[in-house]
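These are notes on the model you sent round, set out as numbered points. They deal with the DNA strands, the relation of the chains and the aromatic side chains.

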2 protein chains.
Amino acid sequence: MSQIPLVRRSPVPPDTCNLAKAIDLIGDRWTLLILRAALYGVRRFDDFQSELGCPRTVLSGRLKKLVDAGLLTKKSYKAPGKRARPEYVLSAIGLSLRPILIGLTQWGDAWLGQGEAPPISFTRAGSKSAIRAAFVDVEGREVRPDQIRPVLRG
Amino acid sequence: MSQIPLVRRSPVPPDTCNLAKAIDLIGDRWTLLILRAALYGVRRFDDFQSELGCPRTVLSGRLKKLVDAGLLTKKSYKAPGKRARPEYVLSAIGLSLRPILIGLTQWGDAWLGQGEAPPISFTRAGSKSAIRAAFVDVEGREVRPDQIRPVLRG
DNA sequence: CTGGATAAGTTCGGTTTTTAAATCCAGCCT
DNA sequence: AGGCTGGATTTAAAAACCGAACTTATCCAG
């Protein structure tokens, strides 16, 4: 139960913090659900739409925003006998959100799952035991939460 | 450039997925910023308000939601010579979001920081080298992103 | 060549949320 | 008592959201 000491203000004001920028960009319901679907392999407008059940107008705007920000790349696919259509593929930037969304999935499994077995879990390739989100040092060794220290200014 | 294979639907529909539940709960701009501040040690209504600059009515509603969900605990503090007031302290559930928010901070540093040095970073206590969010197996050893495999049904 | 099917968006109203500002409220202080 | 202060609620305007219908462009069948 390591308490965080009381402060009146966070050490980094929200407008210079990159977390705040990230929240601005992807911190809304639909955008996160779009990224979730994209990480599972969804790429097409109508597939996103029927997966999310959101208004097409909202989807259209969000996809545009994600493409502008470079998380998604708009390419073109052509099913044989069909006309070419755009598809939205994750870029390296978007792909690098995967650990975060998996971490959030596991957080949800742990606290929001009402005791049910999680519908999806994650393992290392070729292994059966589950992996989890955590911190590691430069050598890839785990750092426990109470060992973490923030350092200001670079 | 490991491509994710195309699918028309994600393997776990959003309404049974705990990620979707998590997004429902904390996936909006203000809630995430509240949690950010709370993780830095902010606890009081007016401190949250002046930190975020959000409408008090929204803050009030969001705090209530987070308390109901068990991420925050409403306690009471009393400065000497002042009346008792509530403070909003992170519970174990809320605290366990820390890796995710730090991960998102670092994602923002990497992609949204425009080449500037990050204003805040994190180290292991007593060390100077940075830590980062990652995945570990049961033994606490890092699992690289391309080694991660989803497994359905528990 | 014409008509139908299909996927990707856009347009258009009406409804719900946000926002910002003013107001209320309770308790400790002098 | 009366002011002060930290929270919370009310209100009206602005913004975002929603669903359904509509547009556009291409391919295919007849």
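**Notes on the protein–DNA model**

1. A polar backbone atom of B:Phe45 is 3.5 Å from a phosphate oxygen of DNA strand D. The model is a predicted one, and the distances in these notes should be read as computed from it. Two side chains of chain B also reach strand D. B:Lys64 places a polar side-chain atom 3.3 Å from a phosphate oxygen of DNA strand D, while B:Arg56 has a polar side-chain atom 3.0 Å from a base nitrogen of DNA strand D.

2. Which elements give two or more residues to the surface near DNA strand D? From chain B they are α3 (45–52), α4, β1 (72–77) and β2 (85–90), and from chain A it is α4. The most comes from α4(B), with four residues.

3. Around DNA strand D there are 21 residues, of which A:Arg62, A:Gly81, A:Arg83, B:Tyr77 and B:Arg85 come nearest. Of the atoms of DNA strand D that come within 4 Å of the protein, sugar and phosphate make up 71%. The surface near this strand has 11 charged, six nonpolar and four polar residues.

4. DNA strand C also has 21 residues around it, and the nearest are A:Ser60, A:Arg85, A:Tyr88, B:Trp30 and B:Gly81. Sugar or phosphate holds 65% of the atoms of DNA strand C within 4 Å of the protein, and the rest belong to bases. By class, the surface near DNA strand C has 10 charged, seven nonpolar and four polar residues.

5. The polar contacts to strand C involve both backbone and side chain. A backbone N or O atom of A:Asp46 lies 2.9 Å from a phosphate oxygen of DNA strand C. A polar side-chain atom of B:Trp30 is 2.6 Å from a phosphate oxygen of DNA strand C, and one of B:Arg83 is 3.1 Å from a base nitrogen of that strand. As for elements, α4(A) gives the most to the surface near DNA strand C, with four residues.

6. How are the two protein chains related? A turn of 180° with a shift of 0.1 Å along the axis lays chain A on chain B at an RMSD of 0.3 Å. This is the relation of a two-fold axis. A:Asp28 has the C-alpha of chain A nearest the axis, 2.3 Å from it. The same surface serves both copies, with 99% of the contact residues of chain A recurring in chain B.

7. Over all chains the count of aromatic pairs is zero. The charged end of A:Arg29 sits over the ring of A:Trp30, 4.6 Å from its centre. In chain B, B:Arg29 lies over the face of B:Trp30, at 4.6 Å from the ring centre.

Methods: Residues are numbered from 1 along each chain as its sequence is written. Chains are lettered from A and ligands numbered from 1 in the order in which they are written. This is a predicted model: local features need pLDDT of at least 70, side-chain atom pairs count only at pLDDT 80 or more; totals for chains, interfaces and linings use all residues. Side-chain values use heavy atoms; hydrogens and water are left out. A residue is near a molecule or strand if one of its heavy atoms lies within 4 Å of it. A polar contact is a pair of N or O atoms within 3.5 Å; within protein, one must be able to donate a hydrogen and the other to accept it, and residues adjacent in sequence count only if both atoms are side-chain atoms. Ala, Val, Leu, Ile, Met, Phe, Trp, Tyr, Cys and Pro count as nonpolar, Asp, Glu, Lys and Arg as charged, and the others, Gly among them, as polar. Copies are superposed by least squares on the C-alpha atoms of residues with pLDDT of at least 70 in both. Contact means heavy atoms within 4.5 Å. Rings of Phe, Tyr and Trp (its six-membered ring) pair if their centres lie within 6.5 Å; planes under 30 degrees apart count as stacked, over 60 as edge-to-face and the rest as tilted. A charge sits over a ring if NZ of Lys or CZ of Arg is within 6 Å of the ring centre and within 35 degrees of the ring normal.
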